[in-house]
Amino acid sequence: MDLVEKENLEINYWRDSGFESPKAFTKLNFLNKLQECDNLDYKITKYEEIIRDKKNVLEIGAGQGWASCFLKSFYLKEAHFTVTDISPHAVKSITNWERIFEVNIDKSYAAKSYELAEKDAQFDLIFCYASAHHFVLHEETLTELKRVLSQDGHIIFLYEPTCSKLFYPLHYYYVNNVPHHSPEDVLIPAKIKSICSKINLKYINHYDAHQVILRSIPLGIYFWILKKMPFLQRLLPSSSDLLFSK
Ligand SMILES: C[S@@+](CC[C@H](N)C(=O)[O-])C[C@H]1O[C@@H](n2cnc3c(N)ncnc32)[C@H](O)[C@@H]1O
């Protein structure tokens, strides 16, 4: 599938979804995102030292923007937030989450991760949650994020599926054969590392097999084993948080 076709699927999913389009704010959507909030809360606590005191935050691949609303409401009340996603239909629903979390997001608009309408070096925190594996153009995205990141700022990609080059075909097959709304992918930390050395961005991969949300019993057991044997997380399909700085 070519890039334009894939991006159109991502964009139009949010327009056509029966449970999370801007036309309907469903109970299922609400409950689903609350579960994800619990996981995000665990991640925020884990990276509190980095996240604390940030003043100008950008979220990319934000979907409906619930994560920024949660972060602003409970951790960064004073920060200025900009929320983006490739799909204008996703971003439209942010008003529901602003109401729920009683916050005002300063700016939200549709944008690709590699084409942001933002000035250089202005954000001290750029983050995404479970989105970077959808971005396809990783080098272009990281180059663009580096451009808008302040000198002492941080980029965090949270809760991303990762695996080694060796297990990529297997992991790719798995993620595309469980029900999903758009084509899925998996990040390979070694590839991200080589992009980062090319564009001169510092990168640390934090493998994190801890699962706040029990998606299924077999997956729960799988991640429990990975947690007990952390050396396997570098090789086998796992979950990671990716940290970048200048
Ligand atoms: C799995 S969803 C996660 C959305 C949101 N973070 C959440 O947890 O609800 C991935 C998101 O990435 C967005 N996306 C895909 N490719 C993108 C790109 N190149 N730039 C920005 N957003 C993109 C999709 O529209 C979708 O909202």
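This passage describes the fold, the central sheet, selected local features and the ligand shell of a predicted model. Residue numbers start from 1 along each chain as its sequence is written. In this predicted model, local features require pLDDT of at least 70 and side-chain atom pairs pLDDT 80 or more, whereas totals for chains, interfaces and linings use all residues.

The chain contains 10 helices and seven strands, taken as DSSP runs numbered from the N terminus (helices H or I, at least four residues; strands E, at least two). Its C-alpha trace spans about 45 × 40 × 35 Å along the principal axes. The radius of gyration is 17 Å, which agrees with the value near 18 Å for a compact globule of 246 residues; this radius is taken over C-alpha atoms, and the globule rule is 2.2 Å times the number of residues to the power 0.38. Of the 246 residues, 37% are buried. A residue is termed buried if 20 or more other C-beta atoms lie within 10 Å of its own, exposed if 12 or fewer, and partly exposed in between, with C-beta atoms placed from the backbone. Among contacts with a separation of 6 or more, 76% link residues 24 or more positions apart, a contact being a pair of C-beta atoms, placed from the backbone, within 7 Å.

The seven strands form an open sheet of order 3-2-1-4-5-7-6 with mixed pairing, where pairing requires at least two DSSP bridges between two strands. Strand 3 (107-110) and strand 6 (202-207) are the edge strands, each paired on one side only. Neighbouring strands are turned by 15° against each other on average, direction ignored; the axes are lines fitted to C-alpha atoms, and angles run from 0 to 180 degrees between N-to-C directions. Strand 4 (residues 123-129) runs parallel to strand 5 (residues 149-162) and is joined to it by six bridges, with Tyr129 bridged to Leu158 of strand 5. Strand 7 pairs in the antiparallel sense with strand 5 over six bridges, and Phe244 of strand 7 stands opposite Ile155. Six bridges also connect strand 7 with strand 6, again in the antiparallel sense; here Asn205 has Leu242 as its partner in strand 7.

Strand 7 is largely enclosed by the rest of the structure, because six of its eight residues are buried. Asp241 lies in this strand (residues 238-245) and counts as buried, with 20 C-beta neighbours inside 10 Å. Beyond its neighbours within four places in sequence, Asp241 is in contact with Lys43, Ile156, Phe157, Leu158, Tyr159, His206 and Asp208. In helix 7 (residues 138-148), the residues Thr141, Leu142, Glu144, Leu145, Lys146 and Val148 are buried. Their cover includes strand 1 (56-59), strand 4, strand 5 and helix 9 (189-199).

Positive phi angles occur at two non-glycine residues, Asp53 with about 70° and Val136 with about 65°. Asp53 lies in the loop between helix 3 (48-51) and strand 1 and is exposed, with 11 other C-beta atoms within 10 Å. Val136 lies in the loop between strand 4 and helix 7 and is partly exposed, with 16 such atoms within 10 Å.

The ligand is surrounded by 18 residues, of which Gly61, Gly63, Ile86, Ser113 and His134 are the closest; a residue is near a molecule if its C-beta atom, placed from the backbone, lies within 6 Å of it. The shell comprises eight nonpolar, six polar and four charged residues, where Ala, Val, Leu, Ile, Met, Phe, Trp, Tyr, Cys and Pro count as nonpolar, Asp, Glu, Lys and Arg as charged, and the others, Gly among them, as polar.

How values were computed: Contact = placed C-beta atoms within 7 Å.
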